[in-house]
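Please open the model in your viewer and keep the sequence panel beside it. The stops below each begin with a selection and then say what is found there.

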Amino acid sequence: MTSQIFSPDVQQPLDLFGIFVFALSGGLLAVRKNMDIFGICVLAEATALGGGVMRDLLIGAVPPVAFTNLGYFLTPLVAGLVVFFLHPEVERINRAVQTLDALGLGLFCVTGTAKAHDYGLGSVASVALGMLTAAGGGVIRDVLAQDPPALLRWDREIYAVPALVGATMVAVLIALDDLTTFTASSAAMIAFVLRMLALRYGWRAPRAWHRNGSRTSEE
């Protein structure tokens, strides 16, 4: 199968790594929102697994792997407890968390696109679901926390765009019958680098312009 880019002995640790880091970001937002331990764990679970669950439901891969693999479900709970007890320390290394989050973004946009292709979706739909896998959990997190989703805010560095680039590269590689461990890893690394450059230089998606050339007002 196309989605079996890495050997199972490598794939699962990579997935759990990405899930754990995504869950940390969800837990940290819950702490900032003054939620209790239940809220912290809910946001950790939603952030870590939300994108993958939505993808699996849309492609008919049911029950979603998040509920059939106990490790996938328990890992966000562990991350939530880490944040609950050690959130000042985790907050202090937030830059490192963002770096690891970018690695998870690159990984999941690649594996999500490949899995959607395995279930018979075309290139465009596979790219969309690859991006959803990588960024969908963050949208669910923000909605549950009653924040405008970061993906839709002009004042946040681009997040979905690097995932879109990585997913598009995977779709092209599949079309060329050239998706290998090396090329897939390269696509994930490009998504990671784009996200890190966005964080470093404050890259943001363009906003709409008025006909007179000025940007729209911040309403």
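Begin by selecting Phe-85, which has a relative accessibility of 60% and therefore counts as exposed, the threshold for that class being over 50%. Bear in mind from this first stop onward that the model is predicted. Phe-85 sits in helix α4, and it belongs to a nonpolar surface patch of about 740 Å². To see the rest of that patch, add Ile-37, Phe-38, Val-42, Leu-81, Phe-84, Leu-86 and Leu-144 to the selection. Which helix gives the most to the nonpolar patch? It is α4, with 4 residues, while α2 (37-59) and α4 (70-92) each supply at least two.

Stay with α4 and select Glu-91 together with Arg-32, whose side chains meet in a salt bridge with an N to O distance of 2.8 Å. Arg-32 lies in helix α1 (residues 8-32) and Glu-91 in helix α4, so this pair ties together parts of the chain that are 59 residues apart in sequence. Both partners fall in the partly exposed class, Arg-32 at 47% relative accessibility and Glu-91 with a relative accessible area of 31%.

Next, select Lys-33 and Asp-147, which form a salt bridge whose closest N and O atoms are 2.7 Å apart. Lys-33 is in the loop between α1 and α2, and Asp-147 is in the loop between α6 (123-144) and α7 (160-175), so the pair ties together parts that are 114 residues apart in sequence. Lys-33, at 35% relative accessibility, counts as partly exposed.

While in this region, select Asn-34, which takes a positive phi of about 60° just after α1. Then select α1 itself and measure between its end C-alpha atoms: they are 36 Å apart, which agrees with the 36 Å that its 25 residues should span at 1.5 Å a residue.

Move now to Arg-141 and Asp-142, another salt bridge, with the closest N and O atoms 3.0 Å apart. Are these two residues buried or exposed? Both Arg-141 and Asp-142 are buried, whereas Arg-32 is partly exposed.

A further selection, Arg-55, Asp-56 and Lys-115, shows three residues linked in a network of salt bridges. Side chains of opposite charge can pair when their charged atoms come close. The count for the model comes to 6 salt bridges.

Finally, clear the selection and display the whole chain, which has 8 helices and 0 strands. Its radius of gyration is 17 Å, close to the 17 Å that the globule rule gives for 219 residues, so the chain is as compact as a globular protein of that length. Along its principal axes, the C-alpha trace spans about 55 × 45 × 30 Å. If you colour the chain by accessibility, buried residues will make up 45% of the 219 residues, and a surface display will show an exposed area of about 11300 Å², of which carbon and sulfur atoms supply 65%. Among the contacts with a separation of 6 or more, 75% are accounted for by residues 24 or more positions apart.

Terms used: Residues are numbered from 1 along each chain as its sequence is written. This is a predicted model: local features need pLDDT of at least 70, side-chain atom pairs count only at pLDDT 80 or more; totals for chains, interfaces and linings use all residues. Side-chain values use heavy atoms; hydrogens and water are left out. Patches are made of residues with over 30% relative accessible area and no salt bridge: like charges are joined within 9 Å, nonpolar side chains (Val, Leu, Ile, Met, Phe, Trp, Tyr) within 5 Å. Accessible areas come from the Shrake-Rupley method with a 1.4 Å probe; for residues, only the protein chains shown count as cover. A salt bridge is a side-chain nitrogen of Lys or Arg within 4 Å of a carboxyl oxygen of Asp or Glu. Buried means under 20% relative accessible area, exposed over 50%, partly exposed in between (1.4 Å probe, protein chains only). The expected span of a helix is 1.5 Å times one less than its number of residues. The radius of gyration is taken over C-alpha atoms; the globule rule is 2.2 Å times the number of residues to the power 0.38. Contact means heavy atoms within 4.5 Å.
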